[in-house]
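Me: Please take a close look at the salt bridges in this model. I want the partners, the distances and the burial of each residue.

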Amino acid sequence: MATTATPAATTATAVQLPLGQADLADCIEWQSVECLNENGNHTFVNALKQGYREDNGLHLESDADEQLLLFIPFNQVVKLHSLIIRGPPEEGPRTLKLFANRPNMGFSNVTDYPANDTVVASLENLEGKPIPLKYVKFQNVRSLTVFVEDNQGGGEITQLQKLAIIGST
Amino acid sequence: MIENVGKNSSNPLLHSSKLFFSVRQSCPKNRVSRTKTHNCRSFSSSEASLRSDRLCASIAPSPSFQFPSPASANMVLEATMVCMDNSEWMRNGDYVPTRFQAQADAINLICGAKTQSNPENTVGVLTMAGKGPRVLITPTNDLGKILQALHGLEVGGEMSMISGVQVAQLALKHRQNKHQRQRIVLFAGSPVLSEKKTLESMGKKLKKNNVALDIVSFGEDDGEKVEKLEALLNAVNSNDNSHIVHIPGGDRVLSDVLISSSIFTGDGEGGSGFAAAAAASAAAAAVGGGGGAYDFGVDPNLDPELALALRVSMEEERARQEAAMKRSAEDSTAKGQQAGESSSVPDVAMSDAAPVKITDKSSDMMIDDDTALLEQALAMSMAEAAQAAAAAGGGAAVTDTSMAESGGDDQDLAYALQMSMQEAAAAATAAQGSADVNQVLGDQSFVSSVLSSLPGVDPNDPSVRDVLASLQAEEEEKNEDQAGKDKSK
């Protein structure tokens, strides 16, 4: 698995993806993407869509508290490999819980079932270092729910500049 | 389909109600509730009875009649839970008629507005006071069910706003259609017992779960209430999706104030369209149903099928009446005279009948009675015309004016009388045949009793008395003539 370190720059840099894997942004069903507790001025588009997500000035921000619940359906069945995120060192997310194939989740039932994977993002990850996922758990994914539980600094606002999903179809 | 029904029935009232039924059944999308049905029934009989030129003129292609354009309706797909306050404070009568009743009316309006703006919108209702929050009806788009659920509610206990809103949130979470946005409408009538902090955190939770909140603050005001509710609103509000309305007590009707508020207009153009229509139809109902903003007291926006059905049946009936009148005018010989009377009599009878709430049966009976009575009355007036030209002219004029005066809005009665008068003038000899009728009419008391039974005629009216007196004189004249003739034989 060859990865290159990505310099922390405001312009887009090509991350060499592992063989056979691709950025799944094209497979996202944009009509049905939902993000709970997002700030109206800083929506998920800033973090997910190509073009927006590369701009570090645009970010997804939480509203009432620091948690975020992001529901991403795909238009086909995919296998997930890893995640690439980027965020500020203080407000960036720390604990991410991932649920596969669970539509219509709310903050109240994040504890109802165990997450398919739980990721703790380090500061390097916030710079763009890919976060590997438990590949075997994400073989047959129709939709992905990302629950951002807390952030690095522990403050009230969580900010996420980029969220890219790497996998294969 | 409309034409078929029209051909079958002869009775115009039955015709229009039959027509109405078939239209209703044919429209699968027509979610007409029970109360609407009742209203429409009275409208259908009233429109047949209010057969006047004025009304006919008003329905001839009126530019104001238009179907609602889909572009104007606001299509936000939404599931709404209405939290109703049924605590003890709602017994107070500072809103008309009681706080609770005013609230129920407002809830009816809201449900109507929501389902109107988008047919897939759902509305549910729960009550907050008493033992605890109780969901009366889960979000549904069936207005009839909602209205039924609001029926027979009791007032009592204390309201718990926090648990009420939480239950509402839960009900919304389990809605059928997950694509619907979530909204809670909270009626806060009793004093707010919760702390401001608790309310704020509840508001934050609502915002986090993407639930909008509309607050209707009315009833009790203990000073802090406004502040607390404003704080709650600020906590929930995200991008102006939540609103608050304060409605102080007094003579104002709760639902009227609500219509013009942002809770309705905040929905967008569709909401305000319904609100404007509701306000206009309320005004029309106040005027007296039918004469107001719309042709039949039925808003074409609210119920286009009904408005169209009424209009079509009215035009058909008018055409039928005209054809009948023509026919009677053509064969106005001895028999045609009576036919002319009877064809104009239903016209007259229906306009005489009370405009509101006649069943088919009673108006049938009325027609039969009035047919006989009016035949005699018209024969009476025609007898005058036949006897002596000058006297007939004077008598007819007197009759005309008397009839016109006695029934202020019975212009069509005068019209019918005029028509029959014309027929009588054309067939002078035929009038002789009603000699025996005149004998009956010669009896003053009988005539006055007949006249008193006519709804539009007041026997004590001096002009009517003049007519009777002139009749009396002519009867005597005629008798003298006949006596003279007999003698000469």
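**Salt bridges up close**

Reply: Lys228(B) is buried, at 9% relative accessibility (buried is under 20% relative accessible area, exposed over 50%, partly exposed in between; 1.4 Å probe, protein chains only). The model is predicted, so local features need pLDDT of at least 70 and side-chain atom pairs pLDDT 80 or more, while totals for chains, interfaces and linings use all residues. Residues count from 1 along each chain as its sequence is written, chains are lettered from A and ligands numbered from 1 in the order written, and side-chain values use heavy atoms, without hydrogens or water.

The side chain of Lys228(B) forms a salt bridge with that of Glu224(B), at 3.4 Å from N to O (a side-chain nitrogen of Lys or Arg within 4 Å of a carboxyl oxygen of Asp or Glu). Both residues sit in helix H9 (residues 224-236) of chain B. They are 4 residues apart, so about one helical turn separates them. Glu224(B) is partly exposed, at 45%. Here, then, a buried lysine meets a partly exposed glutamate.

Helix H13 (residues 304-330) of chain B holds another pair. Glu317(B) and Arg320(B) form a salt bridge, with the closest N and O atoms 2.8 Å apart. These two are 3 residues apart, again about one turn of the helix. The acid is the buried partner here: Glu317(B) has 4% relative accessibility. Arg320(B) is partly exposed, at 37%.

Now chain A. Arg53(A) and Asp23(A) join their side chains in a salt bridge of 2.4 Å, N to O. Arg53(A) lies in the loop between H1 and strand S3 (60-61), and Asp23(A) in strand S1 (residues 22-23), so the bridge ties together parts 30 residues apart in sequence (helices are DSSP runs of H or I, at least four residues; strands are E runs of at least two; both are numbered from the N terminus). Arg53(A) is buried, at 4%. Asp23(A) is partly exposed, at 22%. The pair belongs to a network of salt bridges that also includes Glu54(A) and Lys162(A).

For context, chain A has 2 helices and 10 strands. From the N terminus, its elements run β-β-α-β-β-β-β-α-β-β-β-β. Of its 169 residues, 51% are buried. Over all chains, a search of the whole structure finds 18 salt bridges. The three pairs described here are among them.
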